[in-house]
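Please open the model in a viewer and keep the selection panel at hand. The stops below proceed from a single residue pair to the whole chain.

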Amino acid sequence: RGESRSFTSSEGIVHADIMFGGSFLQSPGNYTRTLLALGPGLSPPAVSCNSSFTFCPAAEVEVSAANLLGQRGTVRAVEFFNERVMYGGTFRSDSRQTSYLVFWDGVRHFPVGGGLDGPVYSLCKYKSGIVVGGAFTRSFRQQASVNDGLQSGGLAFWNGTSWSLLGGKAVYGVVICSVASGGNLYVGGRFNSIGDESMQNIAVFDGMAWSALGAGLQAAEVNDMSFSSEVGLVVVGTIYRSGETALSNVVRWDFSAGKWQSLGEFDKTVRAVVTVGNTIYVGGDFQRAGSLKILSMAKAVIQGGVLSAWKELAAAVQGNVHSMLYSEGFLYVGGDLQSVTDGEGTKRVHGLMRRRMDGRELVDTIWQPLRGAENFGSASVSSMRRVE
């Protein structure tokens, strides 16, 4: 499952399909530390591991965790770029250059330029580089002084050697999520303008210039977004309106009509979305979708622009969903999850579980905990990314 994708280090090769980021509470002490996990399809390094900073996967488990910098904080975003893992979040180290965003080769950490001055929430491959979004205001050149950073706002583009602004404009606010499709980059978060143009919480960059999507989104949170050719752009969060149009916490941009479409009512915030063909999967803190009791996870199908009723994905879920991913025949779900109840009964899941799919359809009702996740301690999985 992982033979075709790998990243290398000076001490060997680790094969993995997926990277997971988050945090866990380590006993004794009960303090939050950064977590990066890899799996499935792991193979151990070529030589034995003898460093606390070296990733040492166990071949008999499906997912293994590395407590990376030993710092307090959370990994909120992961990506694979130039044969290294790039990960970002709220963690901090003794150096600004390795706080919030770093490269990791399986053994050592490397700064990304001169670092950033605030947390990172999203990483997205775009063209020949990585788009970094977060709550920072400056991105620094190598060993630049604190007064010599690029005034980037909450979005910056890393091309492998330096930072720049997309379209030459800064985002004035926080970028929480992003997705690329073709030559377009969509970003969402908490911002009111990009450069001197008004754009409320969501925008699109076409490779040359930024544009608003309708009247934007009035929202307390824009948490995640997903794009597929059959569904289009779906955005989730705590969303109220677009201009004079009332919306819900799951919305879709109607490209033909040029407006936002509400996709059902959810009683609490929606944190994650993934689209597979014409099916939409969402996760979050919610307990109801419309008049139906649906706990933390739901799915619906769009056919001819019409949405089917939302359906539950499990009889019961203890905990909230923060991230979702479809990869090679499985739907992966992460969060501060403790247990799930399915056709086999109630089982512990330790922040991470998956369900088998056949093409676009879920095969059965069975959720699978990933072997090895029980070693995370009290885990919360915030992000997932395929290694490609």
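**A bridge to begin with**

Select Val75 first: its bridge partner is Gly89, in strand 7. Before proceeding, note that this is a predicted model, in which local features need pLDDT of at least 70, side-chain atom pairs count only at pLDDT 80 or more, and totals for chains, interfaces and linings use all residues. Residues are numbered from 1 along each chain as its sequence is written, and side-chain values use heavy atoms, with hydrogens and water left out.

Next, select residues 84-89, which make up strand 7; this strand pairs with strand 6 in the antiparallel sense over 6 bridges. Strands here are DSSP runs of E with at least two residues, numbered from the N terminus, and two of them pair if DSSP finds at least two bridges between them.

Widen the selection to the open sheet, where 4 antiparallel strands follow the order 6-7-8-9. Its edges are strand 6 (75-81) and strand 9 (109-111), each pairing on one side only. On average, neighbouring strands of this sheet are turned by 30 degrees against each other, direction ignored, with axes taken as lines fitted to C-alpha atoms.

Now select Cys124, which is buried at a relative accessible area of 6%; buried means under 20% (1.4 Å probe, protein chains only). Cys177 is also buried, at 3% relative accessibility. The count of disulfides (cysteine sulfur atoms within 2.5 Å) comes to 0.

Finally, display the whole protein chain, which has 0 helices and 40 strands; a helix would be a DSSP run of H or I with at least four residues. Of its 388 residues, 56% count as buried.

Notes: Buried < 20%, exposed > 50% of the residue type's maximum accessible area, 1.4 Å probe, protein only. Axes fitted to C-alpha atoms, helices over the stretch in contact; angles between N-to-C directions.
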